[in-house]
Amino acid sequence: MSDPDASHDAPAAPHVPVLLDRCVELLTPALTRHGADGAGAVLVDATLGAGGHTERFLTDLPALRVVALDRDPTALDLAGARLAGFGDRVRFVRTTYDGYWSDRPEPTVDGVLFDLGVSSMQLDRAERGFSYAQDAPLDMRMDPDAPLTAAEVVNTWSEKDIARALREFGDERFASRIAAEIGRRRARNPLRTTGELVDVLYAAIPAATRRTGGHPAKRTFQALRTVVNAELDSLRAALPAALDALAPGGRIVVLAYQSLEDKIVKSVFADATASRTPAGLPVELPGHEAPFVALVRGAEKASDAEIDVNPRSASVRLRALEKVDGREVS
């Protein structure tokens, strides 16, 4: 997965997994607790994408099993071809990353990886409508069978609701102006393509603002994509479920690329690492210790060297936890 802002403002890069070595470093101790080759261990790649992270883990740990989740059938097909040589060590599941946990066949898992956001593969396929750099249908669905498209949002939602979405999910300060301009344009003809929407944004956002702070479309496109795919709701449901699924000693790593995602991750992780001893008591009560410990201080960023190689890592924030007992957190 990757950051949509970086992908548009930087030259297209190969599908290089973000923070790959760091993810391997953090998750491998949990995956090798029962054997150096990963025997008996299960890793859930909750955001498979092009399969780069999973390929590395399967290569490094020749007995590891991976459950690979993605809602996008194209991603599953392409990653499936890439990972075909690993046979039944990888199981592909078409689902959102919150859709797996309640009915999973594995009682517990040893590692979980979330690489959030739209994938570089989706951004680079113009026909998917995620990119403001290329003209394409206003789609933005990660799951092409999902009912809601970006075109439906901009053409049928009220101006008030559009403005609210742009402010809440894109932090767009010109949300009301953009929504009003959308209303004027669609009154003549429905907005059908990303290029038409970009024209609206250029008309609505003041010229002085357009000259600074990156592409003027990035916040609106982020907001629409988040709404169409219900990404934040899915993340809020998935994280506690994934934490509960981890075995004691299991680990979770999350890569987030935008502040709204990272805020959710930070909140869930803060709760998971908080003591359950009632406030005001002078000592920790036995059995009330925090069920998780943090593996990194705050959120880690990509190094300058990694950003040079992979510009899509520029905005990543990595957080990681280890489960220290078997209690549930949700």
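**Exercise 1. Find the residue in β5 that is the bridge partner of Val109, and place the pair in its sheet.**

Start with the pair itself: Val109 has Leu246 of β5 as its bridge partner. Strands here are DSSP runs of E with at least two residues, and helices are runs of H or I with at least four, both numbered from the N terminus. This is a predicted model, in which local features need pLDDT of at least 70, side-chain atom pairs count only at pLDDT 80 or more, and totals for chains, interfaces and linings use all residues. Residues are numbered from 1 along each chain as its sequence is written, and side-chain values use heavy atoms, with hydrogens and water left out.

Next, widen the view to the two strands. β4 (residues 109-115) and β5 (residues 246-256) run parallel and are joined by six bridges; two strands pair if DSSP finds at least two bridges between them.

Now add the rest of the sheet. It is open, has seven strands in the order β3-β2-β1-β4-β5-β7-β6, and its pairing is mixed. β3 (90-94) and β6 (292-294) are the edge strands; each has a single partner, so one side of each has no neighbour in the sheet.

**Exercise 2. Work out in which sense β7 pairs with β5 and with β6.**

Take β5 first: its pairing with β7 is antiparallel, over six bridges. Here Leu255 stands opposite Leu318 of β7.

Then take β6, which also pairs with β7 in the antiparallel sense, over three bridges. Val293 faces Glu322 of β7 in this pairing.

Finally, check how covered β7 is. Five of its seven residues are buried, where buried means under 20% relative accessible area, exposed over 50%, and partly exposed in between (1.4 Å probe, protein chains only).

**Exercise 3. Describe how helix α2 packs, and test its length.**

Begin with the partners. Helix α2 (residues 20-31) packs on the sheet and touches β1 (42-45), β4, β5 and β7 (317-323), with its direction at about 170° to that of β5. Contact means heavy atoms within 4.5 Å; axes are lines fitted to C-alpha atoms, for helices over the stretch in contact, and angles run from 0 to 180 degrees between N-to-C directions.

Then list the buried residues of α2: Leu20, Cys23, Val24, Leu26, Leu27, Ala30 and Leu31. They pack against β1, α3, β4, β5 and β7.

Last, the length. The expected span is 1.5 Å times one less than the number of residues. For the twelve residues of α2 this gives 16 Å, and the end C-alpha atoms are 16 Å apart, which agrees.

**Exercise 4. Identify the residues that touch the most other members of the largest nonpolar core, and follow one of them.**

First, the term: a nonpolar core is a set of buried Ala, Val, Leu, Ile, Met, Phe, Trp, Tyr and Cys residues joined through side-chain atoms within 4.5 Å.

The largest such core holds 62 residues, and Val44, Trp101, Val112, Phe114, Leu239 and Ile252 touch the most other members. Helix α12 (residues 231-245) gives the most to this core, seven residues.

Now follow Ile252. Beyond its neighbours within four places in sequence, its contacts include Leu27, Val112, Phe114, Leu239 and Phe269.

A second, separate core has 31 residues, among them Leu19, Leu31, Leu76 and Val253.
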